[in-house]
Amino acid sequence: MMVNLIILVAGIAVYAGYGIPVLYLLAAALFGYLAGRLIPRHRWVMWISTAVLALPLLFLRAQHWLPWQSVIAPMGISYFTLQIIAYHADLYRGRYEPEKNLVRFGLFVTYLPHIFIGPIEPYPRMRAALEKRHMSGDNFLKGAVRCLWGLFKKLVIAARLGVIVSAISAEPEQYNGAYALAAMLLYAVQLYADFSGGIDIVLGVSRMLGIRMSENFDAPYFSQSIQEFWRRWHITLGAWLREYVYIPLGGSRRGKVRKFLNTMATFLVSGIWHGENYLLWGLMHGLFVSFGEKCKTKCRTLNRIVTFLLVSFLWSFFIWPDTITVLWMAGSVFTVFNYDVLFSGIGGMGLAAGDWIVMGGACLLLWLYDWKSRSLNARFCAFGPAAKVGVIGLLALAVLTFGMYGYGFTASEFIYSRF
């Protein structure tokens, strides 16, 4: 209990550094706790609590242009809101008894390592992880390696790719056609390195504390369809949407038409969760999930290439600021034929030759790791303490030597912390 209290206080203290939003976080945690105590006896409270928790999130998603939003918008609101809603829905279904310990519930909501970027943990799993916490030298070393691997992906790969993508996206009138295609493909890798790198840090820090959390990625760009992609990308969000949106709507149990409508509704919710500019992005993913399996070929490599290209094109909604620009840039890929100047033009967008070499080698390393992750992890676990310390030293050296840092040696924010 004392360790939980220390982690809780430390998390709130760090979160308080963001100012006013800490009040919303504390209010949401207290509201979630009190409403949870009432739901088993008064089931209608669940519907009220869902509305109370969801409306501020929807308002902030729809009003992102308000000048004061950055002051009052709580960081990580998407993540802790979904966790509390899931907790209340499970109590409504009678899956378990409400948590009576306010400290334990508060830690579930405010657990610092995952509050900004996920993963989105169900309450029973988070409680079990806290209760079965086991701090050891081996867990500390494994967690440290996971953290450094996440920093490598963030600072060595994503930071460099971000230089190119930002330069292209800043001037869509000048950089379209081949440049737009390059931005989509590079951003797909940047987002994956950035987001999965952040999750690696969360899982690594938790492992160092003896806490095992859910994996959120499983080599998503090796998927052979968009449906498979969503089983491998942001796994905990996909599980949340399936459990608390798709299945309550009826899932696949009421015929093909109803299954299609439920799938589209689920991905519409996913788009809303990301923000008002991503509604079309969500609906297009819903269409590909519904019909993409029928377009698969017998060639696994071709399926993976096509899926990666489709996903990359859809990430364009994350690159440019509005839907009109996104559609215009996507169309320019097929109408503006400037591929002959792409390589000479993109070479002058802020990265030196050495940066391109480092980025290429790092991306190859990332691809190889995703391809052989299970065997590589098994081999690493079999290493002795000295060998694990050696791996830590090599990763730390790589991050310090090749990492790109912002002004004052402050790295840019994680992309998915915006959502």
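Start by selecting Ser196 in this predicted model, a residue of helix α10 (residues 178–208). Show what surrounds Ser196: leaving aside neighbours within four places in sequence, Ser196 is in contact with Lys153, Leu191 and Phe217. Is Ser196 buried or exposed? Its relative accessible area is 3%, so Ser196 is buried.

**Next stop: the loop after α10**

Follow the chain into the loop between α10 and α11 and pick Ala219. What is unusual to check here is the backbone: Ala219 has a positive phi of about 45°, although it is not a glycine. For context, most residues other than glycine have a negative phi. Ala219 has a relative accessible area of 9%, so it counts as buried.

A second residue of this kind is His234, in the loop between α11 and α12 (235–249). Phi of His234 is near 45°, again a positive value in a residue other than glycine. With a relative accessible area of 1%, His234 is buried. Keep His234 on display, as it returns at the next stop.

**The loop between α7 and α8**

Now select Ile120, which sits in the loop between α7 and α8. Which residues touch Ile120, leaving aside its neighbours within four places in sequence? They are Tyr79, Leu82, Gln83, His234, Thr236, Leu237 and Trp240. Ile120 has 4% relative accessibility and therefore counts as buried. You can also draw a distance from Ile120 to Trp230: the two are 110 residues apart in sequence and 15 Å apart in space, C-alpha to C-alpha.

While you are in this loop, look at Pro119, which is also placed between α7 and α8. The peptide bond joining Gly118 and Pro119 is cis, with omega about 5°. By way of background, most peptide bonds are trans.

**Helix α8**

Move on to helix α8 (residues 123–131) and colour its buried residues: Tyr123, Met126, Ala129 and Leu130. Turn the view to look down the axis of α8; these buried residues fall within an arc of 130°, so they line one face of the helix. What covers them? The cover includes α1 (2–16), α5 (77–92), α6 (102–110) and α7 (112–115).

**Helix α5 and two of its partners**

Two packed helices are described by the angle between their axes and the distance between the axes. Try this on α5 and α6 to begin with. They pack at an angle of about 135°, with axes 9 Å apart, and α5 and α6 are therefore oblique to each other. To see the contact, show Phe80, Gln83, Ile84 and Tyr87 in α5, which meet Phe105, Phe108 and Val109 in α6. By class, this contact of α5 with α6 has six nonpolar, one polar and no charged residues.

Then bring in helix α2 (residues 21–38). The axes of α2 and α5 come within 10 Å and cross at roughly 5°. Helices α2 and α5 are therefore roughly parallel to each other. On the α2 side, the contact is made by Tyr24, Leu25, Ala28, Gly32, Ala35 and Gly36; on the α5 side, select Ile77, Phe80, Ile84, Tyr87, His88 and Leu91. The residues of the contact of α2 with α5 divide into nine nonpolar, three polar and no charged.

**Aromatic pairs**

To finish, switch on the aromatic side chains: the structure holds 40 aromatic pairs. One to look at is Trp230 with Trp281. Their ring centres are 6.1 Å apart and their planes lie at 65°, so the pair is edge-to-face. This pair links distant parts of the chain, with Trp230 in helix α11 (residues 226–232) and Trp281 in helix α14 (residues 279–291), 51 residues apart. Both Trp230 and Trp281 are buried.

Another is Tyr278 with Phe318. How are these rings arranged? The centres of Tyr278 and Phe318 are 4.7 Å apart and the planes are at 50°, so the pair is tilted. Here too, distant parts of the chain are linked: Tyr278 is in the loop between α13 (256–274) and α14, and Phe318 is in helix α16 (residues 316–319), 40 residues apart. Tyr278 is buried, and so is Phe318.

Technical notes:
Residues are numbered from 1 along each chain as its sequence is written. This is a predicted model: local features need pLDDT of at least 70, side-chain atom pairs count only at pLDDT 80 or more; totals for chains, interfaces and linings use all residues. Side-chain values use heavy atoms; hydrogens and water are left out. Buried means under 20% relative accessible area, exposed over 50%, partly exposed in between (1.4 Å probe, protein chains only). Helices (H or I, at least four residues) and strands (E, at least two) are DSSP runs, numbered from the N terminus. The arc is that of the directions from the helix axis to the C-beta atoms. Contact means heavy atoms within 4.5 Å. Axes are lines fitted to C-alpha atoms, for helices over the stretch in contact, and angles run from 0 to 180 degrees between N-to-C directions. Angles under 35 degrees count as roughly parallel, over 145 as roughly antiparallel, 65 to 115 as roughly perpendicular and the rest as oblique. Ala, Val, Leu, Ile, Met, Phe, Trp, Tyr, Cys and Pro count as nonpolar, Asp, Glu, Lys and Arg as charged, and the others, Gly among them, as polar. Rings of Phe, Tyr and Trp (its six-membered ring) pair if their centres lie within 6.5 Å; planes under 30 degrees apart count as stacked, over 60 as edge-to-face and the rest as tilted.
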